[in-house]
Amino acid sequence: MIQKKAIILLVALTLVIGVIAGYSLLPKRYLVGQSLTQTTVFWNGKEAFFFLNTNTIGRSSNFLSDKLGKTNYGYLALLLGARSQFYEYGVTAYRLEPSGELQRLPLPDDSTTLGRWSLEAGQLQLTPVASGNSHFIGFKWDGAKFVAVQPQKEPHTEAGGNTTLSPDDLDDEDDGEMGFVSPSERKAFKEAGWHYKQLGAFGTKESQATLPIALNKSSFDLTITKFPPPTEGFAHFDMLQFGTKALQLTKNGEPQKSQLLWSQNGWQTISKSDFVRHAQRTGQGARLPVSLFIWLAIFAFATLWRFGTWGHVLLGLMGMKRRVLKNMATSYSFPPATPAQFPQLDMSALERYTQEFEGVGFVQLLDFSLVSNAAHPIPSFCRLFVHTRNHCFGEVSQLFPPGKAPLALACSIQSVLQDGWSIAFSNRKPNAAGSLIRRRKALGVSMPGTDASALLQAFLQMREQVCQDLGISPMRNDTLEAYIAKVQRAATEMREAERQRNFATAISHVYYRKLSLLKTREEYTWLGDYPKEAERRKQGFPAEARAL
């Protein structure tokens with residue numbers, strides 16, 4: 001009998017190895033896509049400048065994964081091998097003259113629009129804040145071209161229903177830190193006759209909105225078109241299916257001469273050499289896992305060895321759920337901490353993240369250690385930030401599991417929304433067991449390897465879309481007390497979600513995620529009940545409605 005079982009097991013493992021090996025040899029297709037995350041516009045009577053912030057995403061796939069992805073068995077594509085990818089930030093500049101001539105202008109390499117906007121000798125200038133290992137630089141218009149402006153080391157104390165947008169942000173002086181141009185610079189822009197506007201990817205609730213721009217005796221309309229909200233069948237967060245769909249410039253009286261500044265063209269096929277070149281330039285090319293089929297074989301063998309029979313499986317699951325619930329935290333304390341208390345703390349990464357967060361308008365609140373009331377709490381260090389303009393919290397944290405190597409220091413951005421909703425973005429690769437504590441109204445997106453500025457842009461895009469689709473707004477309580485209350489409430493909600501979950505299904509999903517996480521993807525997303533609630537609201541049903 002033992003010999004027969006061994007033979008069956010070996011045959012099964014051989015089949016698994018053969019299938020995975022054959023799948024890995026299939027010809028790959030390399031794709032690249034681009035999303036417009038933000039548009040910044042400056043204009044006076046003589047000229048206008050448009051700065052388009054874009055994110056370029058690359059991924060690889062084959063014909064089988066493409067077909068599986070369009071079916072109910074899309075998870076098999078992840079099981080057999082996740083996609084490799086890169087993620088690249090870029091800025092494109094245009095200059096418009098009163099005659100209607102639109103020029104695309106080159107910017108210095110590694111340019112960014114994050115920093116301090118000002119007028120130097122009457123010319124537009126962007127000066128970034130020096131932030132450790134950041135390689136981004138600024139630029140200045142010299143009357144004929146853009147020249148490079150080096151970052152400056154200085155404290156960053158400024159935080160940066162109608163379908164016709166307001167002419168500029170100069171009327172927002174009562175908003176204090178709400179404008180992306182600092183209050184100290186607004187007066188100079190106004191006296192020099194400059195107007196400005198920053199258009200996010202979700203700047204309006206309508207599918208289309210227009211920004212009027214007057215240059216001398218000519219007038220133009222900048223029209224932004226966005227994608228519709230997600231439908232019931234929406235299953236994952238695709239950056240190319242959110243936000244801006246097109247950006248078009250039209251001179252009044254000459255609609256036939258409209259000019260397209262940017263449009264969403266979807267995924268485009270590129271060569272393998274171009275894909276590799278992009279990935280090497282960004283430093284985010286995915287590494288293939290070591291012998292994926294060997295890990296699958298080990299997993300299958302360990303499962304059969306551990307459980308043996310279905311009875312043993314059920315008994316193990318019953319005891320496991322009780323142990324998990326018993327070890328889950330029900331409350332936390334937040335004792336202040338210093339980096340010196342954690343000898344293994346990654347100080348260089350902590351300093352880099354601190355400068356990145358402060359460079360985009362966050363203010364440091366507290367250094368602390370998150371201590372749970374669980375039987376075996378994991379030591380941790382956390383630096384907490386708040387962004388009073390965008391009403392969100394930022395975290396930089398590192399965990400130190402006893403007897404194991406510390407986890408990599410990473411960051412996250414979080415926000416509490418109305419009606420019990422919340423949203424969080426992280427650049428840490430998710431843990432497989434994280435699926436056990438998912439909540440229906442707690443949206444989460446993980447974008448491994450993304451820096452703080454790009455993470456903030458993606459977070460704000462997604463949050464604005466969610467708020468518009470659900471008819472809610474971010475909570476504006478930016479205090480330490482509000483953050484503590486959020487964490488305590490989340491602990492209660494996670495325990496209750498786990499208590500109600502079908503544990504047999506949940507454990508199988510954990511093991512599936514272990515396999516899918518062997519390769520790093522550009523994003524991992526949990527949308528909870530958001531797509532369903534957005535569709536109900538779109539169809540005119542109340543949020544409480546349920547199918548009968």
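1. The packing of helices α9 and α12 is a good place to begin: in this predicted model, the two helices meet at an angle of about 45°, and their axes lie 8 Å apart. Because angles under 35 degrees count as roughly parallel and those from 65 to 115 as roughly perpendicular, α9 and α12 are described as oblique to each other. On the α9 side the contact is made by Met462, Gln465, Val466, Gln468, Asp469 and Leu470, while α12 contributes Tyr530, Glu533, Ala534 and Arg537.

2. Two residues of that helix contact return in the nonpolar interior. The largest nonpolar core has 41 residues, and those with the most contacts inside it are Phe425, Met462 and Tyr530. Elements giving two or more residues to this core include the helices α8 (347–359), α9 (452–470) and α12 (530–539), together with the strands β18 (380–387), β19 (392–399), β20 (410–416), β21 (422–426) and β22 (442–446). Helix α9 gives the most to this core, with 10 residues. Another core, of 21 residues, lies apart from it and has Leu36, Leu96, Phe220 and Leu222 among its members. As general background, nonpolar side chains tend to be buried together in soluble globular proteins.

3. For the chain as a whole, the secondary structure comes to 12 helices and 23 strands. Of the 548 residues in the protein chain, 48% are buried. The chain exposes about 27600 Å², of which carbon and sulfur atoms supply 56%.

4. A separate region to look at is the open sheet of 4 strands, which are arranged in the order β5-β6-β7-β8 with antiparallel pairing. Its edge strands are β5 (116–120) and β8 (146–149), each of which pairs on one side only, and the twist averages 25° from one strand to the next. Within this sheet, strand β6 (residues 123–127) is joined to the antiparallel strand β7 (residues 138–141) by 2 bridges, and Leu126 has Phe139 as its bridge partner in β7. Helix α4 (residues 183–191) lies across β5 and β6, and runs at about 40° to β5.

5. Glu120 deserves a closer look, as a residue of strand β5. With a relative accessible area of 29%, Glu120 falls between the limits of 20% for buried and 50% for exposed, and is therefore partly exposed. If its neighbours within four places in sequence are left aside, Glu120 is in contact with Gln125 and Lys140. The second of these partners, Lys140, is 20 residues from Glu120 in sequence, yet the C-alpha atoms of Glu120 and Lys140 are 8.3 Å apart in space.

6. Two backbone angles should be checked by anyone reading the loops. Most residues other than glycine have a negative phi. Ala121, however, has a positive phi, near 55°, and this residue lies in the loop between β5 and β6. Ala121 has a relative accessibility of 80% and so counts as exposed. Asn216 also has a positive phi, of about 55°, although it is not a glycine. Asn216 is found in the loop between β10 (208–215) and β11 (218–226), and its relative accessibility of 60% is the reason why it counts as exposed.

Conventions. Residues are numbered from 1 along each chain as its sequence is written. This is a predicted model: local features need pLDDT of at least 70, side-chain atom pairs count only at pLDDT 80 or more; totals for chains, interfaces and linings use all residues. Side-chain values use heavy atoms; hydrogens and water are left out. Two strands pair if DSSP finds at least two bridges between them. Axes are lines fitted to C-alpha atoms, for helices over the stretch in contact, and angles run from 0 to 180 degrees between N-to-C directions. Contact means heavy atoms within 4.5 Å. A nonpolar core is a set of buried Ala, Val, Leu, Ile, Met, Phe, Trp, Tyr and Cys residues joined through side-chain atoms within 4.5 Å. Buried means under 20% relative accessible area, exposed over 50%, partly exposed in between (1.4 Å probe, protein chains only). Accessible areas come from the Shrake-Rupley method with a 1.4 Å probe; for residues, only the protein chains shown count as cover. Angles under 35 degrees count as roughly parallel, over 145 as roughly antiparallel, 65 to 115 as roughly perpendicular and the rest as oblique.
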